[in-house]
Amino acid sequence: MSDLQYVIIGAGGTGGGIGAYMAAAGKHVTLIARGAHLAALNTQGLRLETTTGEPPRTIPVRAFSMETYPENEHPDVIFVCVKGYSLESVYPFISRIAKPETVVIPVLNIYGTGGRMQERLHGLLVTDGCIYIAAEIKAPGVILMKGDILRVVYGTRKPEEMRPVLKTVQQDLIDSGIDGVLSDNIRRDALQKFSYVSPAAACGLYYDVSAGEMQKEGEIRETFALLIHEIDYLAYAQQIRFECDIVQRNLDILDHLSPEASTSMQRDIWAGKQSEIDGLIFEVIRTADRLGINLPTYRKIGEALKKRGF
């Protein structure tokens, strides 16, 4: 087992899921959380529930807020698992706790996050990354996983930035029961993930449905497929070539989810919270405009959502 020290910023469905599996495997992991969720993690541990028939389990975890994280600790790896609109708040914390060798791995929904973070975190290596997971906070201290997929994909944008520690991270993920993928083309692979989450968010919000309705044959599923086709077109316009049929691949991912599963963007909107709608939907339309291409399904949905006040 490696002796890498990990910090996971954000203990929601994404960070909590990663942290639960790594902590259960005995990795040196610290979760950064807040409020009632943080209090529950410290008093009762992290309870992991699934919809796949596995019995619930409670995993002891180490957790702090950004304010109370020990001043004398400097992790080797920082997973950033917050929402895109919360990134601004984590830069000072990362700068405070990182040492020169620390690697930052953002695992967010918004495509291109790593490059934007690198501009703010001079001197550190910031990779790109993404995650395949359907999970959410069910209650303080409780993570509910909806489906059996848990894959973390990450990598450097430039080959010369590759470091041996990234291989060790991959092995630690695999040892923890997580499908860890160290990508040799993260630009392609992160956009491939975006080709699922963005269409799922756009389609789910437009029709106000969860995965179950998208799994049925008909208009909703066809719209989801059209949105994926348009991301493929967007990729082609940027000289990015997928190595698979991403429409079929994403339909397969959808069909393995619990019918109750929804995107985190939808859940935030349903709860009246700030959401990632700009990066997941409207930025796609702006990018298409910059590239001089037309994405009719995205444009139709974007215009409809704006009329609804989004």
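**Exercise 1. Determine where Asp-208 lies, what sign its phi has, and whether the residue is buried or exposed.**

Solution. Asp-208 sits in the loop that joins helix 6 to helix 7 (211–215), where helices (H or I, at least four residues) and strands (E, at least two) are DSSP runs numbered from the N terminus. The model is predicted: local features need pLDDT of at least 70, side-chain atom pairs count only at pLDDT 80 or more, and totals for chains, interfaces and linings use all residues. Residues are numbered from 1 along each chain as its sequence is written, and side-chain values use heavy atoms, with hydrogens and water left out.

Next, the backbone: phi of Asp-208 is near 55°, a positive value in a residue other than glycine. Last, the accessibility: Asp-208 counts as exposed because its relative accessibility is 51%. Buried means under 20% relative accessible area, exposed over 50%, and partly exposed in between (1.4 Å probe, protein chains only).

**Exercise 2. Carry out the analysis of location, phi and accessibility for Gln-239.**

Solution. Gln-239 belongs to the loop between helix 8 (219–237) and helix 9 (246–255). Its phi is near 60°, a positive value in a residue other than glycine. With a relative accessible area of 61%, Gln-239 is exposed.

**Exercise 3. Count the disulfides and examine Cys-81 and Cys-203.**

Solution. A disulfide is taken as a pair of cysteine sulfur atoms within 2.5 Å. By this rule the count is 0 disulfides. Cys-81 is in no disulfide, and the nearest cysteine sulfur, that of Cys-130, is 12 Å away. Cys-81 counts as buried, at 10% relative accessibility.

For Cys-203, the closest cysteine sulfur is in Cys-244 at 19 Å, too far for a bond. Cys-203 is buried, with a relative accessible area of 0%.

**Exercise 4. Count the cavities of 30 Å³ or more and describe the lining of the largest cavity.**

Solution. A cavity is a set of points, on a 1 Å grid over the protein atoms alone, where a 1.4 Å probe fits but cannot get out; lining residues have an atom within 4 Å of a point. Grid points are joined across faces, edges and corners, and a volume is the space filled by probe spheres set on the points.

The count comes to 1 cavity of 30 Å³ or more. The largest cavity holds about 90 Å³ of space. Its lining has 14 residues, of which Leu-108, Ile-110, Tyr-111, Gly-129 and Ala-190 lie nearest the centre. Helix 4 (113–120), strand 9 (128–132) and helix 6 (186–207) are the elements that give two or more residues to this lining.

Note on methods. On a 1 Å grid over the protein atoms alone, a cavity is a set of points where a 1.4 Å probe fits but cannot get out, and a pocket is an open set with protein on both sides within 12 Å along at least five of seven lines; lining residues have an atom within 4 Å of a point.
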